[in-house]
Amino acid sequence: MEIKVCTTKEWTEQEWDSYITSFNEVFERGYPKEYFRHKYLATLDGCSYHALLLNDAGEAVGACSVIPYHYRNSSVEFKNGLAVDVFIVEPYRTDPLMLRRMYKKLTKLLVVKSVVAVMAVPNATAYPYWRNVVKWKDVGSLRYWAVPVRAGNIVHKSGFINLFSRAYCSLILGISSVLCLLGGHQKNYKYSIIESELFLRERFGSDYCCEENEGIKNCYRIVDEEGVRTAYLIYSRENGTLSFRSLYKGVSHILKHHDIDLILYVGPLSFFQSLFFLIPRKFEPKLLPLTCDLLLPQENSYNDIWDFSNWDFGLLNYDVR
């Protein structure tokens with residue numbers, strides 16, 4: 001077994017083919033090569049960074065990947081990494097510390113490439129490993145905001161519940177159409193992703209619906225979540241800023257053009273708005289822990305990177321939808 005640290009551009013054809021096969025086997029997907037080429041190569045560096053686990057035949061049977069993004073620390077730009085697609089094919093999971101070795105070896109390349117930190121939102125299975133074994137630090141947990149359109153379908157009990165939630169939805173939409181005129185917009189967080197035109201163009205492909213009118217742009221994706229037709233509102237901006245008015249326009253557009261049960265927004269909402277309500281922790285679909293590994297701890301300007309209140313981080317930054 002060998003750990004190969006490399007950029008995407010350095011993959012051989014054998015590594016490409018075996019990586020795709022292994023990934024789709026582990027995650028039970030059917031993604032083609034073009035999906036990974038776009039994901040890993042359409043970045044600010046023109047590539048992503050990887051630790052590939054190769055078997056004796058030179059086939060990729062495991063990987064840990066980091067995609068570089070441009071972020072802002074107040075007025076200073078820096079390169080931030082997003083850890084994604086971490087796996088080892090089951091027959092090769094004999095060493096419990098293998099993923100740790102893969103990641104630690106990868107960080108040496110990341111430092112050379114001026115990646116300041118690595119962020120990740122591990123699932124419930126992976127979180128204990130990365131937190132306790134690899135020693136990533138907690139930043140906080142992302143929160144869910146919801147507009148229940150058909151609450152009966154959400155709790156799998158229709159009837160009068162749907163009638164009530166539809167009436168509630170119409171009511172808050174009408175109230176919000178007036179209140180949003182009073183203003184309300186997202187505060188400036190210290191740490192945020194830089195939303196360049198190139199980033200947005202690469203971020204929202206054909207799987208997403210984007211609507212733009214009079215300086216307001218909304219992007220969302222509709223998926224089936226165990227029988228609940230859910231619209232994830234991922235991007236909502238009025239002249240480049242998240243606002244009450246942009247949220248109202250986005251929700252109105254979704255309700256007008258799609259037959260859905262639930263609208264979700266994931267991330268911070270720092271201003272008053274009457275559309276979405278914060279889902280209590282015990283009712284959240286799943287825990288979304290934001291974790292961080294600071295690779296350049298000597299840089300004092302990043303000593304508050306673990307303070308969750310400094311972060312504007314949501315599905316725009318990391319999207320599994």
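**Figure 1. Strands S10 and S11 lie side by side in the antiparallel sense.** Strand S10 (residues 216-225) and strand S11 (residues 228-238) pair over ten bridges, running antiparallel. This is a predicted model, so please read each view as a prediction. One pair to look for is Asp224 and its bridge partner in S11, Arg229. In the loop between S10 and S11 you will find Glu226. Its phi is near 50 degrees, a positive value in a residue other than glycine. As a reminder, most residues other than glycine have a negative phi. Glu226 is exposed, because its relative accessible area of 75% is over the 50% cut-off.

**Figure 2. Six strands build an open sheet.** Follow the strands across the sheet and you meet them in the order S9-S10-S11-S12-S7-S13, with mixed pairing. Strand S9 (209-213) and strand S13 (277-278) are the edge strands, each pairing on one side only. Which sense of pairing joins S11 and S12? These two strands pair in the parallel sense, over three bridges. To find this pairing in the view, look for Tyr232, whose bridge partner in S12 is Leu264.

**Figure 3. Strand S12 is enclosed by the rest of the structure.** Five of the five residues of strand S12 (residues 262-266) are buried, so the strand is largely enclosed by the rest of the structure. In a regular strand the side chains alternate between the two faces of the sheet. Here, Leu262, Leu264 and Val266 point one way from S12, while Ile263 and Tyr265 point the other way, and all are buried.

**Figure 4. Strand S7 has a partner on each side.** Strand S7 (residues 144-148) runs antiparallel to S12, and five bridges join the two. Two of the facing pairs are easy to look up: Pro148 stands opposite Leu262, and Val147 stands opposite Ile263. S7 is also joined to S13, by two bridges, and this pair runs antiparallel too. Here Trp145 has Leu278 of S13 as its bridge partner. Is S7 buried or exposed? Five of the five residues of S7 are buried, so the strand is largely enclosed by the rest of the structure. Both of its faces are covered, with Tyr144, Ala146 and Pro148 buried on one side and Trp145 and Val147 buried on the other.

**Figure 5. Helix H8 has buried residues covered by a helix and by strands.** Helix H8 (residues 244-257) has 14 residues. From its first C-alpha to its last it reaches 20 Å, close to the 20 Å expected at 1.5 Å a residue. Its buried residues include Phe244, Leu247, Tyr248, Val251 and Ile254. What covers the buried residues of H8? The cover includes helix H6 (160-179) together with S9, S10, S11 and S12.

**Figure 6. Helices H1 and H2 cross.** Two packed helices are described by the angle between their axes and the distance between the axes. For helix H1 (residues 13-27) and helix H2 (residues 33-41), the axes come within 10 Å and cross at roughly 100 degrees. That makes H1 roughly perpendicular to H2, because angles of 65 to 115 degrees count as such. H1 brings Glu13, Trp16, Tyr19, Ile20, Phe23 and Asn24 to the contact, and H2 brings Lys33, Phe36, Arg37 and Tyr40. Sorted by type, the residues of this contact are six nonpolar, one polar and three charged. In the loop between H1 and H2 sits Glu28. Although Glu28 is not a glycine, its phi is positive, at about 55 degrees. Glu28 counts as exposed, at 71% relative accessibility.

**Figure 7. Helix H3 and the residues at its two ends.** At 1.5 Å a residue, the 15 residues of helix H3 (residues 98-112) should span 21 Å, and this agrees with the 22 Å between its end C-alpha atoms. An α-helix has 3.6 residues a turn, so residues three or four places apart point the same way. Among the buried residues of H3 are Met98, Met102, Leu106 and Leu110. H3 is followed by Ser114, which has a positive phi, near 65 degrees. Leu97 belongs to the loop between strand S4 (76-88) and H3. With a relative accessible area of 40%, Leu97 is partly exposed. Leaving aside neighbours within four places in sequence, Leu97 is in contact with Tyr129 and Val133. Leu97 and Tyr129 are 32 residues apart in sequence, and their C-alpha atoms are 9.5 Å apart in space.

Terms used. Residues are numbered from 1 along each chain as its sequence is written. This is a predicted model: local features need pLDDT of at least 70, side-chain atom pairs count only at pLDDT 80 or more; totals for chains, interfaces and linings use all residues. Side-chain values use heavy atoms; hydrogens and water are left out. Axes are lines fitted to C-alpha atoms, for helices over the stretch in contact, and angles run from 0 to 180 degrees between N-to-C directions. Helices (H or I, at least four residues) and strands (E, at least two) are DSSP runs, numbered from the N terminus. Angles under 35 degrees count as roughly parallel, over 145 as roughly antiparallel, 65 to 115 as roughly perpendicular and the rest as oblique. Contact means heavy atoms within 4.5 Å. Ala, Val, Leu, Ile, Met, Phe, Trp, Tyr, Cys and Pro count as nonpolar, Asp, Glu, Lys and Arg as charged, and the others, Gly among them, as polar. The expected span of a helix is 1.5 Å times one less than its number of residues. Buried means under 20% relative accessible area, exposed over 50%, partly exposed in between (1.4 Å probe, protein chains only). Two strands pair if DSSP finds at least two bridges between them.
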